[in-house]
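Student: I would like a close look at one single part of this structure. Please choose a spot where charged side chains are worth following, and then lead me outward from there.

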Amino acid sequence: QVQVVESGGGLVQPGGSLRLSCAASGSTFRIAIMGWYRQAPGKQRELVATIVGGDLTTYADSVSGRFTISRDSVEDTWSLQMDDLKPEDTAVYYCYAEEDHYYGGRVLWGKGTLVTVSS
């Protein structure tokens, strides 16, 4: 079994920065894709960023150039550095991990952490 737990989040002013972290435990060798989703009030959950291997990354258009996802393969953690935050980035951010299909392809979710961008 794999578990993921995120940390970070909080209140930040527009233009500010925040860093979210996610830690995986258990059978982490099963993980093929790591990333972050978010869900704003009244909206559907949306993909923010993913990372595969050490450096293959994808970003939502709305955060490209402002957010950076990175991974520490030794510690089984990954982070989301969020810069130049905007009020529309306000959402609950969820850590996400997807197992390799060889192991069943399960998707694991953290419980979410709230990011509020407001002056």
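**A charged cluster and its surroundings**

Tutor: Let's begin with two residues that share a setting: Arg38 and Asp89 are both buried. Please keep in mind as we go that this is a predicted model.

Their side chains form a salt bridge, with 3.0 Å from N to O. Arg38 belongs to strand β4, whereas Asp89 is in the loop between β8 (77–82) and β9, so their pairing ties together parts of the chain that are 51 residues apart in sequence. If you wonder what lets such partners meet, the general idea is simple: side chains of opposite charge can pair when their charged atoms come close.

How buried is Arg38? Its relative accessible area is 6%. Buried means under 20%, so a value of 6% places Arg38 in that class.

Arg38 also has a salt bridge with Glu46, and here the closest N and O atoms are 2.7 Å apart. Glu46 has a relative accessible area of 34%, so this residue counts as partly exposed. In your viewer, then, you can look at Arg38, a buried residue, next to a partner, Glu46, that is partly exposed.

Which residues make up the wider group? Arg38, Glu46, Arg66 and Asp89 are linked in a network of salt bridges. Try showing the side chains of these four together, and you will have the centre of our close look on screen.

Now let's step back to the charges of the whole chain. In the entire structure there are 5 salt bridges. The protein chain carries 10 positive and 14 negative side chains, and 5 Å separates the centres of these two sets.

Another salt bridge joins Glu99 and Arg30, at 4.0 Å from N to O. These partners come from distant parts of the chain: Glu99 is in strand β9 (residues 91–99), Arg30 is in the loop between β3 (18–26) and β4 (31–39), and their positions lie 69 residues apart in sequence. Glu99 is buried, with a relative accessible area of just 1%, while Arg30 is partly exposed at 25%.

What kind of framework holds these residues? The protein chain has 11 strands and 0 helices, so when you read along the sequence you pass β after β. Of contacts between residues at least 6 apart in sequence, 54% join residues that are at least 24 apart. The chain has 119 residues, and 40% of them count as buried. For a compact globule of that length, a radius of gyration near 14 Å would be expected, and the chain's value of 14 Å agrees. Along the principal axes, its C-alpha trace spans about 45 × 25 × 25 Å. The exposed surface comes to about 6,400 Å², with carbon and sulfur atoms supplying 49% of that area.

Next, some loops. We already met the one between β8 and β9 through Asp89, and Asp84 is found there too. Asp84 has a phi near 50°, a positive value in a residue other than glycine. With a relative accessible area of 41%, Asp84 is partly exposed, whereas Asp89 is buried.

The loop between β7 and β8 holds Asp76, whose phi is near 55° and so also positive in a residue that is not glycine. Asp76 is partly exposed, at 25%. Glu75 lies in the loop between β7 (67–72) and β8 as well, and a relative accessible area of 52% makes Glu75 exposed. Its C-alpha atom is 15 Å from that of Ala97, which is 22 residues away along the chain.

Let's finish in the loop between β10 (107–109) and β11 (113–117), where you will find Gly112. This glycine is partly exposed, with a relative accessible area of 26%. Leaving aside residues up to four places away in sequence, Gly112 touches Glu6, Val92, Tyr93 and Tyr94. Gly112 and Gly9 are 103 residues apart in sequence, yet their C-alpha atoms are 9.3 Å apart in space.

To return to where we started, the picture to keep is the network of salt bridges that links Arg38, Glu46, Arg66 and Asp89, with Arg38 and Asp89 both buried.

Technical notes: Residues are numbered from 1 along each chain as its sequence is written. This is a predicted model: local features need pLDDT of at least 70, side-chain atom pairs count only at pLDDT 80 or more; totals for chains, interfaces and linings use all residues. Side-chain values use heavy atoms; hydrogens and water are left out. Helices (H or I, at least four residues) and strands (E, at least two) are DSSP runs, numbered from the N terminus. The radius of gyration is taken over C-alpha atoms; the globule rule is 2.2 Å times the number of residues to the power 0.38. Buried means under 20% relative accessible area, exposed over 50%, partly exposed in between (1.4 Å probe, protein chains only). Contact means heavy atoms within 4.5 Å. Accessible areas come from the Shrake-Rupley method with a 1.4 Å probe; for residues, only the protein chains shown count as cover. Lys and Arg count as positive and Asp and Glu as negative; His and the chain ends are not counted. The place of a charge is taken as NZ of Lys, CZ of Arg, CG of Asp or CD of Glu.
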